There are 2 protein chains.
Amino acid sequence: MEVDMVMNKQIVLNNYVNGSLKESDLSLRTSTICMEIPHGCNGAVLVKNLYLSVNPYLILRMGKLDIPQFDSILPGSTIVSYGVSKVLDSTHPSYEKGELIWGSQAGWEEYTLIQNPYNLFKIQDKDVPLSYYVGILGMPGMTAYAGFFEICSPKKGETVFVTAAAGSVGQLVGQFAKMFGCYVVGSAGSKEKVDLLKNKFGFDDAFNYKEESDYDTALKRHFPEGIDIYFDNVGGKMLEAVINNMRVHGRIAVCGMVSQYSLKQPEGVHNLLKLVPKQIRMQGFVVVDYYHLYPKFLEMVLPCIKEGKVIYVEDISEGLESAPSALLGVYVGRNIGNQVVAVSRE
Amino acid sequence: MEVDMVMNKQIVLNNYVNGSLKESDLSLRTSTICMEIPHGCNGAVLVKNLYLSVNPYLILRMGKLDIPQFDSILPGSTIVSYGVSKVLDSTHPSYEKGELIWGSQAGWEEYTLIQNPYNLFKIQDKDVPLSYYVGILGMPGMTAYAGFFEICSPKKGETVFVTAAAGSVGQLVGQFAKMFGCYVVGSAGSKEKVDLLKNKFGFDDAFNYKEESDYDTALKRHFPEGIDIYFDNVGGKMLEAVINNMRVHGRIAVCGMVSQYSLKQPEGVHNLLKLVPKQIRMQGFVVVDYYHLYPKFLEMVLPCIKEGKVIYVEDISEGLESAPSALLGVYVGRNIGNQVVAVSRE
């Protein structure tokens with residue numbers, strides 16, 4: 001039997017990222033891959049990758065981690081992230097050739113053989129941009145949904161602060177919180193992003209953290225009565241300032257701490273004592289624990305998208321070759337909205 | 001009408017405590033007090049104080065706080081804390097002359113006029129030492145009960161770590177956790193306390209934190225599989241080490257942070273990023289929110305005390321004059337068990 005081998009461009013991690021990310025930490029390699037699932041490889045799915053997700057947490061995974069719960073990406077191996085893919089071949093009973101799927105096991109490569117699929121979702125509704133399935137309809141959307149509604153226990157009329165608010169998750173947290181009836185302020189790192197928050201996403205207010213010499217003062221200005229809910233994407237000094245400005249019984253959903261990812265010695269948070277009198281609940285979470293809510297989430301969010309009630313901004317870079325520079329962009333905050341790499345349009 | 005005035009010895013705060021507590025921050029003053037509630041003063045209770053509670057959080061309240069949720073004790077005023085008292089006169093419909101009560105409004109003085117009583121509980125069961133009502137049957141008992149059962153959401157077989165474990169609250173958290181079916185390790189600051197934990201309170205294991213150069217190593221030794229529940233009484237570096245050793249879905253009840261109370265610049269906690277992959281919930285709490293559970297708590301704990309299933313160790317110092325030195329003792333960890341000042345035995 002003739003085996004159909006094709007070229008497979010891949011983005012490979014050259015070495016552990018230690019401190020700041022450089023474009024030279026990644027390289028393009030061309031490998032070959034068989035267009036059929038090898039004999040005896042049951043329960044596998046061979047996919048063609050269409051859209052790849054470029055999320056800040058990848059930078060963490062490229063370092064040498066002492067967090068056993070996060071898989072490190074090993075030097076010499078292809079980056080793996082969330083992606084939207086098309087099934088080319090399947091020996092798994094749940095997936096069929098021709099189906100579109102999204103999940104966390106897409107390689108940064110043209111084709112991926114997923115040997116043990118998990119958290120792989122079939123794409124049913126194709127009336128929306130396919131790239132949304134690595135954004136509002138994928139992991140970032142579920143993160144915003146579960147983080148806000150399940151972890152933050154919001155009540156109508158409460159005050160909400162979101163950091164990295166123009167990012168893949170933040171823009172949705174703000175919009176969900178507004179729809180729910182909260183007062184929402186976001187922070188981001190440029191005038192353009194702040195304008196987006198106020199004029200496009202409908203945040204009540206927003207500020208550019210890079211223009212604030214003292215976060216405490218900035219928060220007091222925006223929340224004279226204090227903060228009920230903080231959706232934390234950045235950690236560090238901002239988290240400390242938020243704790244100073246939290247109200248009694250406040251809740252903090254810790255989604256990520258992007259300000260800390262590249263520091264050799266992370267910043268200390270010095271005011272945790274205030275958790276006691278303020279009776280603050282601070283909770284880290286990982287979205288995979290909430291994927292059972294995905295059907296319920298789709299039911300809520302799909303009509304909102306179609307009726308224009310929720311808006312989603314993406315920053316799409318073209319071609320697999322653009323992935324390293326896209327990642328670097330996320331790392332320095334150059335992207336506006338969810339950073340996606342379009343590997344192929346179909 | 002003749003007014004019955006008597007002498008009233010009081011312990012007064014001389015100045016805000018800034019940094020470390022000194023005995024000279026407090027002084028004994030003799031004042032006079034009327035043995036009847038003044039005319040027109042409705043809803044008040046005049047009490048004779050029997051036992052006063054000497055809790056670490058008092059040291060916080062003696063400083064200049066920027067925590068609006070905690071009342072500062074003002075220089076020139078009498079220290080106020082939890083106490084067991086006898087009602088001498090009452091214009092409040094709920095309390096009668098001769099009744100014994102406990103609550104948070106006892107002055108460090110022989111007699112206190114409580115003008116607006118709140119969180120004041122009648123003592124019904126007198127088959128136990130009265131001083132227990134500033135300990136196992138009072139605020140510390142309820143703190144251990146609510147903190148462990150309501151905040152920590154324990155499951156049988158989980159691993160529990162308690163700091164300040166020989167203290168007023170810690171000794172009970174450990175015993176409640178053992179009764180519930182958890183594996184419990186405590187830390188304390190002397191050999192004598194560690195022996196108490198292991199031999200009297202039935203902790204599975206215990207260690208003297210002062211003999212450990214590296215908390216991380218100590219915790220790895222005692223919890224090779226990690227910690228599910230941390231009952232935090234100390235904060236700071238120990239909290240940081242615990243976060244390193246927490247298991248996925250761990251819970252931290254933040255009850256107090258005694259290691260931080262006297263620091264001008266509190267220690268930073270540098271590894272909060274780990275809350276995310278470990279999905280840790282960290283929650284500050286204040287016992288007054290849980291006093292509605294007091295009857296349920298008594299129902300559980302009174303039989304345990306009478307049957308010897310729960311043991312409570314107190315450190316009673318005699319006479320109001322001993323209160324400043326007792327407080328200093330708590331501050332440096334000299335007390336063994338709950339520190340109480342016996343003002344009067346009846």
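This is a quick talk on the interface and the cavities of a two-chain model.

Okay, one thing up front: the model is predicted. Let's start with where chain A and chain B meet.

The contact draws on 35 residues from chain A and 35 residues from chain B. Together the two chains bury about 3,100 Å², and 68% of that is on carbon and sulfur atoms. If you want residues to click on, go for H270(B), L273(B) and V276(B): that trio supplies 19% of the area chain B buries against chain A, more than any other three residues.

So what about salt bridges across the interface of chain B and chain A? The rule finds zero of them. Polar contact is another matter: six residue pairs turn up across the interface, both partners at pLDDT 80 or more.

Now look at the side of chain B that touches chain A. Strand 12 (246–254) and strand 13 (281–284) of chain B are the elements giving two or more residues to it. Strand 13 of chain B has the largest share, with four residues. By class, that side of chain B comes out as 20 nonpolar, nine polar and six charged residues.

Right, on to the cavities. How many of 30 Å³ or more does the structure hold? Four. I'll take the top two.

The largest cavity has a volume of about 60 Å³. Its lining takes residues from both chains, including M257(A), Q260(A), P266(A) and E267(A), along with H270(B), N271(B), L272(B) and L273(B). V269 is in there from chain A and from chain B. That lining divides into seven nonpolar residues, four polar and one charged. And yes, two of the names from the buried-area trio are back: H270(B) and L273(B) line this cavity.

The second largest cavity holds about 50 Å³ of space. Here H270(A), N271(A), L272(A) and L273(A) are in the lining, and among the chain B residues are G236(B), M257(B), Q260(B), P266(B) and E267(B). V269(A) and V269(B) both line this one too. The class split here is six nonpolar, four polar and one charged.

That's it from me; have a look at the structure above.

How values were computed
Residues numbered from 1 in each chain as written. Chains lettered and ligands numbered in written order. Predicted model: local features only at pLDDT ≥ 70, side-chain atom pairs only at ≥ 80, totals over all residues. Heavy atoms only, no water. 1 Å grid on protein atoms, 1.4 Å probe; cavity = no way out; pocket = protein on both sides within 12 Å on 5 of 7 lines; lining within 4 Å. Points joined across faces, edges and corners; volume = space filled by probe spheres on them. Nonpolar A, V, L, I, M, F, W, Y, C, P; charged D, E, K, R; others polar. Contact = heavy atoms within 4.5 Å. Buried area = accessible area lost by both parts, 1.4 Å probe. Salt bridge = Lys/Arg side-chain N within 4 Å of Asp/Glu carboxyl O. Polar contact = N/O pair within 3.5 Å; in protein donor to acceptor, adjacent residues only side chain to side chain.
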